[in-house]
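Open the model in your viewer and work through the stops below in order.

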Amino acid sequence: MKVFNNIVETIGNTPLVRLNKIGKGILKAEILLKVEYFNPGNSIKDRIGISMVEEAEKRGELKPGGTIIECTSGNTGMGLALAAAVRGYKCIFTTTDKQSKEKVDILRALGAEVIVCPTNVGHDDPRNYHQVAERLLHEIPGAVFVNQYENLSNRDAHYKTTGPEIWEQTDGKVTHYVTTIGTGGTVTGTSMYLKEKNPAIRTLGVDAYGSILKKYKETGAIDMTEAYPYLIEGIGQDIVPGNFDFKYIDFVEQVSDKDAALMCRRLAREEGIFVGFSGGAVVQGLLQMKDQFKEGDVVVVILHDHGSRYIAKIFNDDWMRDRGFLKDEPITAKAIVDRKQIKELVSASPVDTVADAFRKMKELALTQLPVIEGGKDVGSITENMILHLLMENPYYRDTKLAEVMGKPFPYVGLNHTAAEISKLISKENSAVLVKTNMGETTIITEFDLIEAMA
Ligand SMILES: Cc1ncc(COP(=O)(O)O)c(C=O)c1O
(Lines give C-alpha, C1' and ligand atoms only; values in the text may rest on other atoms or scores of the structure.)
Protein backbone atom coordinates (compact mmCIF):
# COMPACT_ATOMS: atom_id res chain seq x y z
CA MET A 1 0.00 0.00 0.00
CA LYS A 2 1.25 3.50 -0.82
CA VAL A 3 0.05 5.54 2.16
CA PHE A 4 1.12 8.74 3.89
CA ASN A 5 1.07 8.61 7.68
CA ASN A 6 -0.39 12.09 7.99
CA ILE A 7 -1.12 15.15 5.85
CA VAL A 8 2.21 16.91 6.49
CA GLU A 9 4.04 14.03 4.80
CA THR A 10 2.37 15.06 1.52
CA ILE A 11 4.08 18.48 1.54
CA GLY A 12 6.53 19.23 -1.31
CA ASN A 13 7.39 17.54 -4.60
CA THR A 14 5.14 20.02 -6.37
CA PRO A 15 5.12 19.87 -10.18
CA LEU A 16 6.98 22.03 -12.70
CA VAL A 17 4.56 23.14 -15.42
CA ARG A 18 5.55 24.83 -18.69
CA LEU A 19 4.26 28.39 -19.33
CA ASN A 20 2.79 27.99 -22.80
CA LYS A 21 0.95 31.05 -24.07
CA ILE A 22 1.64 34.11 -21.94
CA GLY A 23 5.37 34.31 -22.74
CA LYS A 24 4.99 33.44 -26.45
CA GLY A 25 6.95 35.85 -28.66
CA ILE A 26 8.23 37.71 -25.58
CA LEU A 27 10.34 35.22 -23.63
CA LYS A 28 12.89 33.15 -25.56
CA ALA A 29 13.76 30.90 -22.61
CA GLU A 30 11.99 27.77 -21.36
CA ILE A 31 9.74 28.94 -18.52
CA LEU A 32 8.84 26.34 -15.89
CA LEU A 33 6.33 27.22 -13.20
CA LYS A 34 6.69 25.48 -9.85
CA VAL A 35 3.05 25.27 -8.82
CA GLU A 36 3.09 25.36 -5.03
CA TYR A 37 -0.67 25.23 -4.61
CA PHE A 38 -0.35 21.45 -4.94
CA ASN A 39 0.74 21.44 -1.29
CA PRO A 40 -2.02 20.27 1.11
CA GLY A 41 -2.59 23.80 2.45
CA ASN A 42 -2.47 25.17 -1.13
CA SER A 43 0.71 27.20 -0.67
CA ILE A 44 4.49 27.00 -0.45
CA LYS A 45 4.23 28.00 3.22
CA ASP A 46 3.29 24.42 4.21
CA ARG A 47 7.00 23.70 3.80
CA ILE A 48 8.03 26.23 6.46
CA GLY A 49 5.10 25.47 8.81
CA ILE A 50 6.28 21.96 9.63
CA SER A 51 9.96 22.96 9.49
CA MET A 52 9.53 25.73 12.09
CA VAL A 53 7.42 23.47 14.34
CA GLU A 54 9.99 20.66 14.21
CA GLU A 55 12.85 23.06 14.96
CA ALA A 56 10.95 24.53 17.96
CA GLU A 57 10.35 20.96 19.22
CA LYS A 58 14.05 20.11 18.82
CA ARG A 59 15.07 23.23 20.75
CA GLY A 60 12.68 22.09 23.51
CA GLU A 61 10.61 25.29 23.26
CA LEU A 62 7.44 23.66 21.97
CA LYS A 63 6.09 21.03 24.35
CA PRO A 64 2.94 18.85 24.14
CA GLY A 65 -0.18 21.02 24.42
CA GLY A 66 1.84 24.20 23.72
CA THR A 67 0.63 27.26 21.78
CA ILE A 68 2.06 28.44 18.47
CA ILE A 69 1.88 32.21 17.93
CA GLU A 70 2.60 33.75 14.54
CA CYS A 71 2.17 36.91 12.45
CA THR A 72 0.82 35.60 9.19
CA SER A 73 -0.96 36.78 6.08
CA GLY A 74 -2.68 33.42 6.03
CA ASN A 75 -0.50 30.99 4.14
CA THR A 76 2.06 30.44 6.88
CA GLY A 77 -0.82 30.16 9.31
CA MET A 78 -2.29 27.42 7.14
CA GLY A 79 1.03 25.54 7.09
CA LEU A 80 1.38 25.91 10.86
CA ALA A 81 -2.26 24.95 11.49
CA LEU A 82 -1.82 21.70 9.53
CA ALA A 83 1.34 20.87 11.47
CA ALA A 84 -0.34 21.85 14.76
CA ALA A 85 -3.37 19.66 14.03
CA VAL A 86 -1.15 16.66 13.34
CA ARG A 87 1.13 17.28 16.35
CA GLY A 88 -1.54 18.51 18.82
CA TYR A 89 -0.74 22.21 19.37
CA LYS A 90 -2.96 25.30 19.69
CA CYS A 91 -2.49 28.21 17.24
CA ILE A 92 -3.02 31.96 17.68
CA PHE A 93 -2.36 34.09 14.59
CA THR A 94 -2.16 37.86 14.19
CA THR A 95 -2.77 39.24 10.72
CA THR A 96 -3.59 42.55 9.00
CA ASP A 97 -6.89 43.83 7.70
CA LYS A 98 -5.36 43.92 4.17
CA GLN A 99 -5.55 40.14 3.93
CA SER A 100 -8.50 38.49 2.20
CA LYS A 101 -11.37 37.40 4.44
CA GLU A 102 -11.20 33.93 2.90
CA LYS A 103 -7.70 33.41 4.31
CA VAL A 104 -8.82 34.36 7.82
CA ASP A 105 -11.91 32.13 7.58
CA ILE A 106 -9.80 29.18 6.43
CA LEU A 107 -7.45 29.56 9.42
CA ARG A 108 -10.42 29.67 11.77
CA ALA A 109 -11.83 26.55 10.06
CA LEU A 110 -8.61 24.76 10.99
CA GLY A 111 -9.14 25.63 14.64
CA ALA A 112 -6.81 28.61 14.91
CA GLU A 113 -7.63 31.82 16.78
CA VAL A 114 -7.07 34.78 14.44
CA ILE A 115 -6.57 38.40 15.55
CA VAL A 116 -6.94 40.94 12.71
CA CYS A 117 -4.83 44.12 13.23
CA PRO A 118 -4.78 47.41 11.23
CA THR A 119 -2.41 47.47 8.21
CA ASN A 120 -1.43 51.11 8.09
CA VAL A 121 0.16 51.55 11.51
CA GLY A 122 3.89 51.92 12.22
CA HIS A 123 6.10 48.99 13.10
CA ASP A 124 6.39 50.12 16.74
CA ASP A 125 2.69 50.84 17.19
CA PRO A 126 1.16 48.51 19.85
CA ARG A 127 -1.63 47.67 17.35
CA ASN A 128 0.90 46.44 14.75
CA TYR A 129 0.47 42.69 14.16
CA HIS A 130 4.10 41.96 15.19
CA GLN A 131 3.66 43.91 18.43
CA VAL A 132 0.40 42.08 19.24
CA ALA A 133 2.13 38.70 18.71
CA GLU A 134 5.02 39.77 20.99
CA ARG A 135 2.57 40.79 23.72
CA LEU A 136 0.68 37.45 23.54
CA LEU A 137 3.96 35.56 23.79
CA HIS A 138 4.59 37.12 27.18
CA GLU A 139 1.02 36.62 28.37
CA ILE A 140 0.51 32.92 27.47
CA PRO A 141 2.53 30.27 29.35
CA GLY A 142 4.15 27.65 27.10
CA ALA A 143 3.68 29.81 24.00
CA VAL A 144 6.22 29.94 21.19
CA PHE A 145 6.42 32.82 18.70
CA VAL A 146 7.66 31.07 15.56
CA ASN A 147 8.33 34.38 13.76
CA GLN A 148 8.76 33.46 10.09
CA TYR A 149 10.58 36.78 9.49
CA GLU A 150 13.55 36.12 11.78
CA ASN A 151 13.35 32.33 12.23
CA LEU A 152 16.00 30.80 9.98
CA SER A 153 14.13 27.45 9.85
CA ASN A 154 12.03 29.33 7.27
CA ARG A 155 14.83 29.60 4.73
CA ASP A 156 16.25 26.21 5.85
CA ALA A 157 13.00 24.55 4.71
CA HIS A 158 13.60 25.91 1.20
CA TYR A 159 17.27 25.00 1.33
CA LYS A 160 16.30 21.43 2.23
CA THR A 161 13.25 20.96 -0.03
CA THR A 162 12.46 23.64 -2.68
CA GLY A 163 16.07 23.98 -3.87
CA PRO A 164 16.80 20.22 -4.22
CA GLU A 165 13.44 19.64 -5.94
CA ILE A 166 14.17 22.31 -8.58
CA TRP A 167 17.67 20.93 -9.14
CA GLU A 168 16.41 17.37 -9.57
CA GLN A 169 13.31 18.23 -11.61
CA THR A 170 15.41 20.19 -14.14
CA ASP A 171 18.27 17.64 -14.16
CA GLY A 172 20.53 20.46 -13.01
CA LYS A 173 19.71 22.48 -16.15
CA VAL A 174 18.10 25.41 -14.31
CA THR A 175 19.81 28.72 -15.25
CA HIS A 176 17.49 31.24 -13.53
CA TYR A 177 15.37 31.12 -10.40
CA VAL A 178 12.54 33.69 -10.09
CA THR A 179 10.33 34.28 -7.06
CA THR A 180 8.44 36.99 -5.21
CA ILE A 181 9.97 38.11 -1.93
CA GLY A 182 8.27 38.63 1.41
CA THR A 183 10.01 37.22 4.48
CA GLY A 184 12.88 36.31 2.14
CA GLY A 185 12.71 32.62 3.09
CA THR A 186 11.76 31.30 -0.35
CA VAL A 187 14.23 33.41 -2.28
CA THR A 188 17.21 33.02 0.06
CA GLY A 189 16.91 29.36 1.10
CA THR A 190 16.30 28.03 -2.43
CA SER A 191 18.94 30.28 -3.96
CA MET A 192 21.55 29.20 -1.37
CA TYR A 193 21.04 25.58 -2.44
CA LEU A 194 20.97 26.25 -6.19
CA LYS A 195 24.04 28.51 -6.14
CA GLU A 196 25.93 25.88 -4.15
CA LYS A 197 25.14 23.43 -6.96
CA ASN A 198 25.94 25.94 -9.72
CA PRO A 199 27.12 29.48 -8.82
CA ALA A 200 26.18 30.68 -12.32
CA ILE A 201 22.44 30.31 -11.60
CA ARG A 202 20.89 33.79 -11.43
CA THR A 203 18.27 34.54 -8.78
CA LEU A 204 15.74 37.23 -9.63
CA GLY A 205 13.34 38.55 -7.00
CA VAL A 206 9.99 40.21 -7.61
CA ASP A 207 8.91 42.95 -5.19
CA ALA A 208 5.89 45.28 -5.02
CA TYR A 209 5.93 49.02 -5.74
CA GLY A 210 5.57 50.48 -2.25
CA SER A 211 8.16 48.09 -0.72
CA ILE A 212 11.70 49.07 0.28
CA LEU A 213 13.39 45.84 -0.84
CA LYS A 214 14.48 46.76 -4.38
CA LYS A 215 16.15 49.98 -3.25
CA TYR A 216 17.75 48.12 -0.34
CA LYS A 217 19.22 45.53 -2.74
CA GLU A 218 20.56 48.27 -5.01
CA THR A 219 21.89 50.73 -2.42
CA GLY A 220 22.11 48.87 0.90
CA ALA A 221 19.97 51.65 2.42
CA ILE A 222 16.49 51.40 3.94
CA ASP A 223 14.70 54.31 2.30
CA MET A 224 11.32 54.80 3.96
CA THR A 225 10.30 57.31 1.25
CA GLU A 226 9.94 54.22 -0.97
CA ALA A 227 7.32 52.71 1.39
CA TYR A 228 3.61 53.23 0.76
CA PRO A 229 0.53 50.98 0.97
CA TYR A 230 -0.04 48.48 -1.82
CA LEU A 231 -2.44 45.59 -2.31
CA ILE A 232 -0.40 42.52 -3.31
CA GLU A 233 -0.55 40.14 -0.35
CA GLY A 234 2.46 38.33 1.10
CA ILE A 235 5.23 40.18 -0.73
CA GLY A 236 7.38 43.27 -0.14
CA GLN A 237 8.46 44.80 3.17
CA ASP A 238 9.05 47.98 5.11
CA ILE A 239 11.75 46.19 7.14
CA VAL A 240 14.53 43.78 6.14
CA PRO A 241 13.74 40.41 7.78
CA GLY A 242 16.49 38.14 9.08
CA ASN A 243 15.69 35.50 6.46
CA PHE A 244 17.13 37.74 3.73
CA ASP A 245 20.63 37.39 2.52
CA PHE A 246 20.99 39.69 -0.44
CA LYS A 247 24.17 38.07 -1.64
CA TYR A 248 21.98 35.22 -2.91
CA ILE A 249 19.73 37.60 -4.89
CA ASP A 250 21.11 39.03 -8.16
CA PHE A 251 18.39 41.47 -9.15
CA VAL A 252 15.03 42.75 -7.88
CA GLU A 253 12.17 43.90 -10.13
CA GLN A 254 9.05 45.75 -8.89
CA VAL A 255 5.50 45.33 -10.18
CA SER A 256 2.26 47.26 -9.72
CA ASP A 257 -0.93 45.99 -8.05
CA LYS A 258 -2.88 46.42 -11.28
CA ASP A 259 -0.42 44.54 -13.51
CA ALA A 260 -0.15 41.71 -10.96
CA ALA A 261 -3.93 41.39 -10.62
CA LEU A 262 -4.52 41.37 -14.38
CA MET A 263 -1.79 38.76 -14.83
CA CYS A 264 -3.53 36.46 -12.30
CA ARG A 265 -6.61 36.62 -14.49
CA ARG A 266 -4.59 35.85 -17.63
CA LEU A 267 -2.89 32.86 -15.97
CA ALA A 268 -6.28 31.43 -15.04
CA ARG A 269 -7.90 32.01 -18.44
CA GLU A 270 -4.99 31.35 -20.78
CA GLU A 271 -3.00 28.67 -18.93
CA GLY A 272 -5.63 27.19 -16.59
CA ILE A 273 -3.30 27.98 -13.68
CA PHE A 274 -5.34 29.51 -10.88
CA VAL A 275 -2.93 31.40 -8.63
CA GLY A 276 -3.08 34.10 -5.99
CA PHE A 277 -1.89 37.73 -6.19
CA SER A 278 1.84 37.01 -5.84
CA GLY A 279 1.60 34.41 -8.64
CA GLY A 280 0.39 37.15 -11.01
CA ALA A 281 3.13 39.43 -9.66
CA VAL A 282 5.93 36.97 -10.35
CA VAL A 283 4.83 36.27 -13.94
CA GLN A 284 4.36 40.01 -14.58
CA GLY A 285 7.87 40.58 -13.17
CA LEU A 286 9.19 37.81 -15.42
CA LEU A 287 7.80 39.58 -18.52
CA GLN A 288 9.26 42.91 -17.36
CA MET A 289 12.69 41.21 -17.04
CA LYS A 290 12.45 39.58 -20.49
CA ASP A 291 15.81 40.99 -21.63
CA GLN A 292 17.60 39.01 -18.92
CA PHE A 293 16.78 35.66 -20.60
CA LYS A 294 18.05 34.13 -23.83
CA GLU A 295 17.23 31.06 -25.87
CA GLY A 296 18.25 27.84 -24.13
CA ASP A 297 17.87 29.28 -20.61
CA VAL A 298 15.78 27.25 -18.18
CA VAL A 299 13.88 29.60 -15.88
CA VAL A 300 12.08 28.22 -12.82
CA VAL A 301 9.35 30.48 -11.42
CA ILE A 302 7.67 29.96 -8.04
CA LEU A 303 3.89 30.34 -7.84
CA HIS A 304 3.25 30.65 -4.11
CA ASP A 305 -0.46 30.00 -3.61
CA HIS A 306 -3.93 29.25 -5.01
CA GLY A 307 -6.42 31.73 -6.49
CA SER A 308 -9.40 30.50 -4.46
CA ARG A 309 -8.26 32.72 -1.56
CA TYR A 310 -8.67 35.82 -3.76
CA ILE A 311 -12.11 35.14 -5.27
CA ALA A 312 -13.61 38.23 -3.61
CA LYS A 313 -10.69 40.38 -4.78
CA ILE A 314 -8.72 39.93 -8.00
CA PHE A 315 -11.26 37.53 -9.47
CA ASN A 316 -14.19 39.83 -8.65
CA ASP A 317 -15.03 42.40 -11.36
CA ASP A 318 -16.50 44.94 -8.94
CA TRP A 319 -13.40 44.84 -6.71
CA MET A 320 -11.18 45.29 -9.77
CA ARG A 321 -13.34 48.04 -11.28
CA ASP A 322 -13.49 49.97 -7.98
CA ARG A 323 -9.68 50.18 -8.03
CA GLY A 324 -9.56 51.21 -11.69
CA PHE A 325 -7.91 47.92 -12.66
CA LEU A 326 -10.42 47.19 -15.44
CA LYS A 327 -10.37 50.69 -17.00
CA ASP A 328 -8.75 49.48 -20.23
CA GLU A 329 -11.49 46.92 -20.83
CA PRO A 330 -14.36 48.23 -22.96
CA ILE A 331 -17.44 48.77 -20.80
CA THR A 332 -20.31 46.68 -22.18
CA ALA A 333 -24.09 46.96 -21.91
CA LYS A 334 -23.92 43.91 -19.62
CA ALA A 335 -21.51 45.65 -17.23
CA ILE A 336 -23.71 48.77 -17.18
CA VAL A 337 -26.84 46.72 -16.45
CA ASP A 338 -25.01 44.72 -13.75
CA ARG A 339 -24.12 47.98 -11.99
CA LYS A 340 -27.66 49.37 -12.07
CA GLN A 341 -29.29 49.26 -8.66
CA ILE A 342 -32.82 49.14 -10.08
CA LYS A 343 -32.97 46.91 -13.12
CA GLU A 344 -36.75 46.72 -13.38
CA LEU A 345 -38.06 48.62 -16.41
CA VAL A 346 -40.48 51.47 -15.64
CA SER A 347 -42.65 52.26 -18.68
CA ALA A 348 -45.76 54.09 -19.81
CA SER A 349 -48.67 52.84 -21.93
CA PRO A 350 -49.88 54.55 -25.14
CA VAL A 351 -53.24 55.21 -23.42
CA ASP A 352 -51.59 57.10 -20.54
CA THR A 353 -51.82 60.90 -20.79
CA VAL A 354 -48.83 63.24 -20.86
CA ALA A 355 -49.72 64.23 -17.26
CA ASP A 356 -49.77 60.52 -16.19
CA ALA A 357 -46.34 60.00 -17.70
CA PHE A 358 -44.95 63.14 -16.06
CA ARG A 359 -46.34 62.12 -12.67
CA LYS A 360 -44.59 58.75 -12.94
CA MET A 361 -41.32 60.35 -13.99
CA LYS A 362 -41.50 62.87 -11.12
CA GLU A 363 -42.29 60.16 -8.56
CA LEU A 364 -39.38 57.96 -9.59
CA ALA A 365 -36.96 60.78 -10.55
CA LEU A 366 -36.79 59.61 -14.17
CA THR A 367 -36.18 61.80 -17.21
CA GLN A 368 -37.66 59.46 -19.83
CA LEU A 369 -39.99 56.48 -20.20
CA PRO A 370 -40.27 53.89 -22.93
CA VAL A 371 -43.88 53.44 -24.08
CA ILE A 372 -44.75 49.74 -24.13
CA GLU A 373 -47.82 48.04 -25.54
CA GLY A 374 -48.36 44.27 -25.28
CA GLY A 375 -44.70 43.80 -24.33
CA LYS A 376 -43.56 45.72 -27.44
CA ASP A 377 -41.51 48.91 -27.41
CA VAL A 378 -43.79 51.28 -29.41
CA GLY A 379 -42.57 54.74 -28.46
CA SER A 380 -40.91 57.00 -25.91
CA ILE A 381 -41.59 60.10 -23.89
CA THR A 382 -38.98 62.36 -22.29
CA GLU A 383 -38.93 65.37 -19.94
CA ASN A 384 -37.71 67.48 -22.82
CA MET A 385 -40.60 66.42 -25.10
CA ILE A 386 -43.15 67.16 -22.34
CA LEU A 387 -41.70 70.64 -21.84
CA HIS A 388 -41.97 71.42 -25.56
CA LEU A 389 -45.54 70.07 -25.76
CA LEU A 390 -46.71 72.14 -22.78
CA MET A 391 -44.98 75.25 -24.08
CA GLU A 392 -46.85 74.81 -27.36
CA ASN A 393 -50.22 74.17 -25.72
CA PRO A 394 -50.92 73.45 -22.00
CA TYR A 395 -53.88 71.24 -23.03
CA TYR A 396 -51.42 68.61 -24.26
CA ARG A 397 -51.31 67.52 -20.60
CA ASP A 398 -54.52 65.48 -21.20
CA THR A 399 -53.46 64.10 -24.57
CA LYS A 400 -52.81 60.36 -24.87
CA LEU A 401 -49.18 59.42 -25.37
CA ALA A 402 -50.12 57.47 -28.52
CA GLU A 403 -50.71 60.83 -30.25
CA VAL A 404 -47.56 62.67 -29.14
CA MET A 405 -44.90 60.12 -28.23
CA GLY A 406 -41.49 59.98 -29.88
CA LYS A 407 -39.76 57.09 -31.65
CA PRO A 408 -39.18 53.88 -29.63
CA PHE A 409 -35.77 53.59 -27.94
CA PRO A 410 -33.47 51.34 -29.97
CA TYR A 411 -32.43 47.92 -28.66
CA VAL A 412 -28.76 47.00 -28.11
CA GLY A 413 -27.18 43.64 -27.29
CA LEU A 414 -25.47 42.82 -23.98
CA ASN A 415 -22.07 42.91 -25.72
CA HIS A 416 -22.52 46.39 -27.20
CA THR A 417 -19.78 48.67 -25.86
CA ALA A 418 -20.32 52.02 -24.16
CA ALA A 419 -18.83 53.70 -27.25
CA GLU A 420 -21.42 52.02 -29.51
CA ILE A 421 -24.27 52.87 -27.11
CA SER A 422 -23.19 56.51 -26.84
CA LYS A 423 -23.46 56.84 -30.66
CA LEU A 424 -27.15 55.87 -30.36
CA ILE A 425 -27.82 58.36 -27.58
CA SER A 426 -28.68 61.87 -28.82
CA LYS A 427 -30.96 64.81 -28.09
CA GLU A 428 -33.87 62.94 -29.69
CA ASN A 429 -33.00 59.60 -28.17
CA SER A 430 -31.97 59.67 -24.52
CA ALA A 431 -31.82 55.92 -23.80
CA VAL A 432 -31.50 52.41 -25.27
CA LEU A 433 -33.20 49.17 -24.28
CA VAL A 434 -31.46 45.86 -23.67
CA LYS A 435 -32.71 42.31 -23.06
CA THR A 436 -30.98 40.67 -20.09
CA ASN A 437 -29.88 37.01 -20.04
CA MET A 438 -33.08 36.29 -18.10
CA GLY A 439 -35.11 37.61 -21.06
CA GLU A 440 -36.24 40.77 -19.24
CA THR A 441 -36.05 44.21 -20.87
CA THR A 442 -34.18 46.94 -19.07
CA ILE A 443 -33.09 50.46 -19.95
CA ILE A 444 -29.69 52.15 -20.24
CA THR A 445 -30.06 55.93 -19.93
CA GLU A 446 -27.56 58.69 -20.62
CA PHE A 447 -27.10 58.89 -16.83
CA ASP A 448 -26.28 55.13 -16.56
CA LEU A 449 -23.74 55.52 -19.34
CA ILE A 450 -22.02 58.47 -17.66
CA GLU A 451 -22.04 56.66 -14.30
CA ALA A 452 -20.36 53.59 -15.81
CA MET A 453 -17.63 55.66 -17.45
CA ALA A 454 -16.95 58.21 -14.68
C1 LIG B 1 1.14 34.50 -1.31
C2 LIG B 1 2.56 34.73 -0.94
N3 LIG B 1 3.44 34.99 -1.91
C4 LIG B 1 4.73 35.23 -1.65
C5 LIG B 1 5.22 35.23 -0.35
C6 LIG B 1 6.69 35.52 -0.12
O7 LIG B 1 7.42 34.39 0.28
P8 LIG B 1 8.57 34.53 1.33
O9 LIG B 1 7.96 34.98 2.63
O10 LIG B 1 9.17 33.18 1.46
O11 LIG B 1 9.54 35.56 0.84
C12 LIG B 1 4.32 34.96 0.70
C13 LIG B 1 4.76 35.01 2.09
O14 LIG B 1 3.98 35.20 3.01
C15 LIG B 1 2.98 34.69 0.40
O16 LIG B 1 2.06 34.42 1.36
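**From whole chain to ligand shell**

Start with the contact map of this predicted model. Of the contacts with a separation of 6 or more, 68% join residues 24 or more positions apart.

Next, show the whole protein as a cartoon. You will find 16 helices and 15 strands.

Now draw the C-alpha trace and align it to its principal axes. The trace spans about 95 × 55 × 55 Å. How does the radius of gyration of the protein compare with that of a compact globule of 454 residues? The protein has 29 Å, while such a globule would have a radius near 22 Å.

Colour by burial. Buried residues account for 43% of the 454 residues.

Then select the ligand and the residues around it. The shell holds 19 residues. Label the closest ones: Gly-182, Thr-183, Thr-186, Gly-234 and Ser-278.

Recolour the shell by residue class. Polar residues number 13, alongside three nonpolar and three charged ones.

Which helix gives the most to the shell around the ligand? Select α6, which supplies three residues. This helix covers 185-197. Add α2, at 75-87, to the selection: α2 and α6 each bring at least two residues to the shell.

Last stop: colour by domain. Domain 1 takes in 7-43 + 152-322, and domain 2 takes in 46-145. Keep the ligand in view while you switch between them. Each of these two domains contributes at least three residues to the shell around the ligand.

How values were computed. Residues numbered from 1 in each chain as written. Predicted model: local features only at pLDDT ≥ 70, side-chain atom pairs only at ≥ 80, totals over all residues. Helix = DSSP H or I, 4+ residues; strand = E, 2+ residues; numbered from the N terminus. Rg over C-alpha atoms; globule rule 2.2 N^0.38 Å. Buried ≥ 20, exposed ≤ 12 C-beta atoms within 10 Å, placed from the backbone. Contact = placed C-beta atoms within 7 Å. Near = placed C-beta within 6 Å. Nonpolar A, V, L, I, M, F, W, Y, C, P; charged D, E, K, R; others polar. Domains from an automatic or database assignment.
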